[in-house]
Amino acid sequence: MTRTVSFAEVRAALIDGREIALLDVREEGPFSRGHPLFAVPLPLGRIELDVLDLVPRHDAPIVLYDDGEGLVARAAAKLSELGYSNVAELEGGLDGWRRAGGELFIDVNVPSKAFGELVEATRHTPSLPAAEVERLIAGNADVVVLDSRRFEEYRTMSIPTGTSVPGGELVLRVQDLAPRPETTVIVNCAGRTRSIIGTQSLINAGIPNKVFALRNGTIGWTLAGLQLDHGAQRRFPDLSDEAQRLARERAQALARRVGLRSIDRATVESWRDRRDVTVYLLDVRTPEEFAAGHVPGFRSAPGGQLVQATDEWVGVRHAHLVLFDDDGVRATLAASWLIQMGWRNVYVLQGPVDGEQETGARPPRRPPLPTHGLSTLTPQALAADLAQSTVIDLAPSPRHAAAHIPGAWFAARARLPEALRRLPGEGPLVLTSWDGVIAQFVAGELRALTDRPIAVLGGGTQAWEAAGLPLERGITHAAHDVDDVYKRPYEGTDNAAAAMQAYLDWEFGLVEQLGRDGTHGFRVL
């Protein structure tokens, strides 16, 4: 039996600044419809894929919850197998949190979004409506539009004339993009948060230009009836010496203002095996720079995204965060925001860093694949026997819909017992996922649920595709309701106007929700 902790105990840890990982083991869809502010989504189906990076210390205090689906016991058992020794269950689950008076938040990455709204409310971050920005662009005014999202998001849809400058790069790159102080700088994202934080970053850094957020981002632009560009390729230019010099001066002044602490490489090495605190080592440069060479042990966490979606990298609230760049600017900017977001132990690794570096993308930390004694099929072997087999695809529903083995059934790991009751026939079951990894981890669980013969597709659906075998698109066979992924109303190009407006209305109410919740610890400078 897993011990239980109360709402009051979790709340006290959050307020007092003690480490705690409050993990929601439901799928992202249910999570997005209601959860505590600092809950971190860790669906049961992804535990082996994500937890070792999300919670790197095995004796960190973990509290699990669901909403009565019976997932906590399964998740706790899995974490115990992986070596986690301090796992508890939230008393009463999500309903217990609600009944105890705890505030529930919808959507994802909510701490960052709520913080962005608090920044605007506190600092009165300047913004312009879409119609005014469109008028400036159409009139060839002295204005630059900087898109603070990831390049992939920018390329999908962007403001006309906009240049991709992910938020963590803004202070470092702005001088080369707007060298004249008379130039007006417009910062946009898809909705509000990254526009607000990006604009306020430039203001906090003290650039002489007028800076405005595009009010409500590409959502606001679309709701105003204006046309977006698609497939744009404009990126920030190579960094000039003058831009780097000015950015460093501005970052140093900001570091003094927020009381930023720095540490050296030796201290970082001494922290890596600490048993009393959880430490995250995060490289905030671009993924390309990270791949070209990075300090061993650090993960790639581009600064703008780290501030926007901290819970995608850091699962333990109040852990120690060590940030790195090679310019003295980007780590400082990201750290300045994290400090204001209530992270009490944020440090910047002093550069330059000598010694051997690693290259390439750092793979996620994962446990060894299990030896479950089940047969592993090649794509060709499965193709030859496909008519007699039932394929279960554990990939997320968008990945399954994009391409799956013909006739494969979509199923989430958490709902396998239910799925088995709906699958046809009595023949062999074949597990797959996109790369085959999660299928390997789940195979043993499936064997405990059925007497049917079980096999795993080696290399997953990706290997099937690489073998030139046919693929099917859409969700043609679902073993249960498809509710594993939250459809974000600020991404993609097919969102209904009502959904986009509802999202904005929700963001406008976040400051009031923060006040009711009372656990955030945010302190806007």
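Helices (H or I, at least four residues) and strands (E, at least two) are DSSP runs, counted off from the N terminus. By that bookkeeping, the chain in this predicted model has 23 helices and 20 strands.

So what about its overall build? A compact globule of 525 residues would have a radius of gyration near 24 Å, and the chain has 24 Å, which agrees. Here are a few whole-chain values.

| Property of the chain | Value |
|---|---|
| Span of the C-alpha trace along the principal axes | about 75 × 50 × 50 Å |
| Exposed area | about 21200 Å² |
| Share of exposed area from carbon and sulfur atoms | 51% |
| Residues that count as buried | 57% of 525 |

Now look at how the chain folds back on itself. Take the contacts between residues at least 6 apart in sequence: 79% of them join residues at least 24 apart.

Next, the inside. Which residues touch the most other members of the largest nonpolar core? They are Val55, Leu64 and Leu323, out of 107 residues in that core. Helix α16 (residues 330–340) chips in the largest share, seven residues. Leaving out residues up to four places away in sequence, Leu323 touches a whole list of partners, including Leu282, Val284, Phe298, Ala331, Ala334, Leu338 and Tyr347. There's also another core, lying apart from the largest one, with 22 residues; among them are Leu374, Leu429, Val437 and Ile438.

Finally, the charges. The chain carries 55 positive and 68 negative ones, and the mean positions of the two groups are 3 Å apart.

Notes:
Residues numbered from 1 in each chain as written. Predicted model: local features only at pLDDT ≥ 70, side-chain atom pairs only at ≥ 80, totals over all residues. Heavy atoms only, no water. Core = buried A, V, L, I, M, F, W, Y, C linked by side-chain atoms within 4.5 Å. Buried < 20%, exposed > 50% of the residue type's maximum accessible area, 1.4 Å probe, protein only. Contact = heavy atoms within 4.5 Å. Rg over C-alpha atoms; globule rule 2.2 N^0.38 Å. Areas by Shrake-Rupley, 256 points an atom, 1.4 Å probe, with all protein chains shown as cover. Lys, Arg positive; Asp, Glu negative; His and termini not counted. Charge placed at Lys NZ, Arg CZ, Asp CG, Glu CD.
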